[in-house]
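Me: Before I use this model, I would like to go through the terms that describe it and see what each rests on.

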Amino acid sequence: MDIGNSTTEACVAAIDPDGTVHYLGTDLTHTTGVKGTPDNTAGALTAVRGALHRAGRRAGEVTTVLLNEATPVISGLAMETITETIITESTMIGHNPTTPGGTGLGVGTTVSIDDLAEQEPGSPVVCVVPHGWDFDDTATAVDRAVGRGVDVVAAVLAGDDAVLVTNRLTVPIPVVDEVAAVEKVPLGMLAAVEVAAPGRTIRTLSNSYGLATVFGLDPDQTRHVSPVARALTGNRSAVVVRTPSGDVTDRRIPVGELVLRGAGKSLRVDVDAGADAIMETLARVQPLDDAHGEPGTHVGGMLAQVRDTMADTMADGAADLVEVSDIAIRDVLAVDTFVPAEVRGGLAGEVALENAVALAAMVRTSRSRMQLVADLVSDGLGTATAIGGIEGEMAVSGALTTPGVDRPVAVLDLGGGSTDAALLTREGECSAVHVAGAGELVTKLIDSELALGDREVAEAVKRYPLAKVESFFHIRHEDGTVQFFDEPLPPQVFARVVVLTSDGPVPVPTRHALDHVRRVRREAKRRVFVVNAVRALRQVAPGANLRALDFVVLLGGSALDFEIPDMIADALAGSGIVCGTGNVLGTEGPRNAVASGLVRAYAADSVAAVPDAPAPGLAG
Amino acid sequence: MTTPPTTSAQPRRTVTLTETGPATRGTRRDEVVIAVSPAFAGHFTRTIVDVPHAEVLRQLLAGIEEQGVAARIIRVRDTADLAAISHTGARLSGSGICVGILSRGTTMIHQKDLARLSNLELFPQSPLLDEPVFRRIGANAAQYAKGESPEPVPTRNDQMARPRWQAKAALLHLKEFECIEPGRGPVEVQPAFELSSTG
């Protein structure tokens, strides 16, 4: 039996006196409670009984239950935003209303529509329309002013009326709408409004020299407005108001330093330097003994949070409490990500993608309470139990039952909390490493980058392919193929991006197009699994040389993913490695490797120790 | 803050719906049909909470126009059942999308391939529907017609709406029922909005 972070797997086998192993049946179930705690017993018993049922055997026939020595690895996650966009003096409206009106560029002085009737003809005017104005009235008021000779060149509206107003004007002008805080737009200032044609983006206001031309800026001032131009890139519409000291700043939030200790030295790295810098520093202190965050900073808080969670986990139900200071962080994975956040000082609820760093940390513990689980399983089944084998070695042994695999073989166990690698050399020596970051981190990245705010939905996006429901009778898959249905699809999925779960399509609550969701999903998987696969294999490979590896077998729940194995295989292809998803026993796929490995190890031992060992034995 | 030139408290616009002939099936892919009930903007001129029908239609039309989609209005004469009205409209709509509406204000977005009693979005509590909601309903219908995925308009819910308005709703429904002309098919109507000081 293998009790993992998320699944418990069991395998029943009969062993002949000569050591030949006959596999009879397997089963898997969700792990109950945290790995390595007595709560596991319920799940363990379910899995054993399930495997026995499939094998057509009774519990009474079982000689021994073999349990894995659970790797004492627990991982935790934290995420912190490291940039912040602030607009001062309401200088810029850079949001993207779905339906702006008109096209072109209008430059003039901002005037409220209430004062438009008294406006003298002469200079160009940008009309600002507050809440409560009907689109018909707005169009009439503007037309009347234009009739008097007032040069109205553009308009900024509070409501969602831009197309309506433009359609009713005698002379169409560019109109930006849905500016929620329109009353904060400074009046009597020079402003520029630009709207691009559908499917295009603005050209003038997103260009620093365009802004300089429009507002007549000198080189020094142009340098000053370049953040404004950058903030507007990619928009279909924008408003820029020239105020004496208005500005857009892209502030870096000081998040503090990460202190990495290992290999006899202690290095410090600024977290806001980004994931690459952190990982590079980490590589210089391998093997890591511990990591700390500067107290009183965000990163200090992040790591303290991880530590606290782990202390709680390990103390769960235990008689004695674990000291938080005793917990050493043995690996860290930093990933650059972004979080959509509302811009401070924005007038229309503008959202900027702020940079963030996600940290996965892994803790090794000295205490495993597997013996307690073993005793409880023993009571439950009325058989002897034995704990044996290092998880990594057992996994390699199980992986060797995959057809077409030979020594030297490396396995990659892609789990929920950590990615584990183990290498079995031709001589039979085994080494294993655990690195932080796996499926959970991917889910978290998808959740925050798509602003889903729902872990369940993010998990579904991670696990299943996407499609767009184009009518009640057909969907377009993410690769472009169309599938038709005889029965109409449910109304709640109509016109939506959906994930194709085994229970049918489930809508993803996002405004993003399918392509964007797909890109975020694939990037999250690449940044975690591909990076970790290479990192972990380097640590076990002789001389850190990937070319020294021949066979790589992918195991674990995430090896069942529809694209992760391909992504890893692609990344390793350059090193001449045979890489693929394992097929334990030729039937089990990437599952059951450790349980099968335990049986093999037991069989080998029993032949060596007692040549006439009784059958059948059981690993479950 | 400033105030609009006239307050919207007193209705300023009225609407007359002129029948222009039997409603036909639309051929444009970019149109949404608005299907109104027998007594809408005829026997009745306001919803259950006194939102003028002129304003209801204007906002629905505005929501659709703002999305760059065309709109057509039809009147269904032989039933006062919202699902039947909406489904009739959806089958006549070039995009297959229809907004059906009863005189008291109950509204539904329907699609032609759906079962009659199903719907895309339903707004069952007529007393809670005001002008901004009608605007958003129009906008959503147009986005469905364009094949986009709009956020459903948040449906408000008021526990007290039912006890408070049920009697009035029943009376309005009876009156609407009396306006049914059995056996007469749906007709195309042309709206004419007029400004009026009295409302």
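Reply: What follows takes the helix pair and then the whole chain.
This is a predicted model, in which local features need pLDDT of at least 70, side-chain atom pairs count only at pLDDT 80 or more, and totals for chains, interfaces and linings use all residues. Residues are numbered from 1 along each chain as its sequence is written, chains are lettered from A and ligands numbered from 1 in the order in which they are written, and side-chain values use heavy atoms, with hydrogens and water left out.

Me: Why are α12(A) and α13(A) called oblique to each other?
Reply: Helix α12 (residues 514-540) of chain A and helix α13 (residues 564-573) of chain A pack at about 50 degrees, with their axes 10 Å apart. Angles under 35 degrees count as roughly parallel, over 145 as roughly antiparallel, 65 to 115 as roughly perpendicular and the rest as oblique, and α12(A) and α13(A) are therefore oblique.

Me: What makes up the contact of α12(A) with α13(A), in nonpolar, polar and charged residues?
Reply: With contact meaning heavy atoms within 4.5 Å, the residues include Phe529(A) and Leu537(A) of α12(A) and Ile568(A) of α13(A). They divide into ten nonpolar, no polar and three charged, where Asp, Glu, Lys and Arg count as charged; among the contact residues of α12(A) are Arg522(A), Lys525(A) and Arg526(A).

Me: How much of chain A counts as buried?
Reply: Buried means under 20% relative accessible area (1.4 Å probe, protein chains only), and 54% of the 620 residues of chain A count as such. Chain A has 14 helices and 31 strands, where helices are DSSP runs (H or I) of at least four residues and strands (E) of at least two.

How values were computed. Axes fitted to C-alpha atoms, helices over the stretch in contact; angles between N-to-C directions. Buried < 20%, exposed > 50% of the residue type's maximum accessible area, 1.4 Å probe, protein only.
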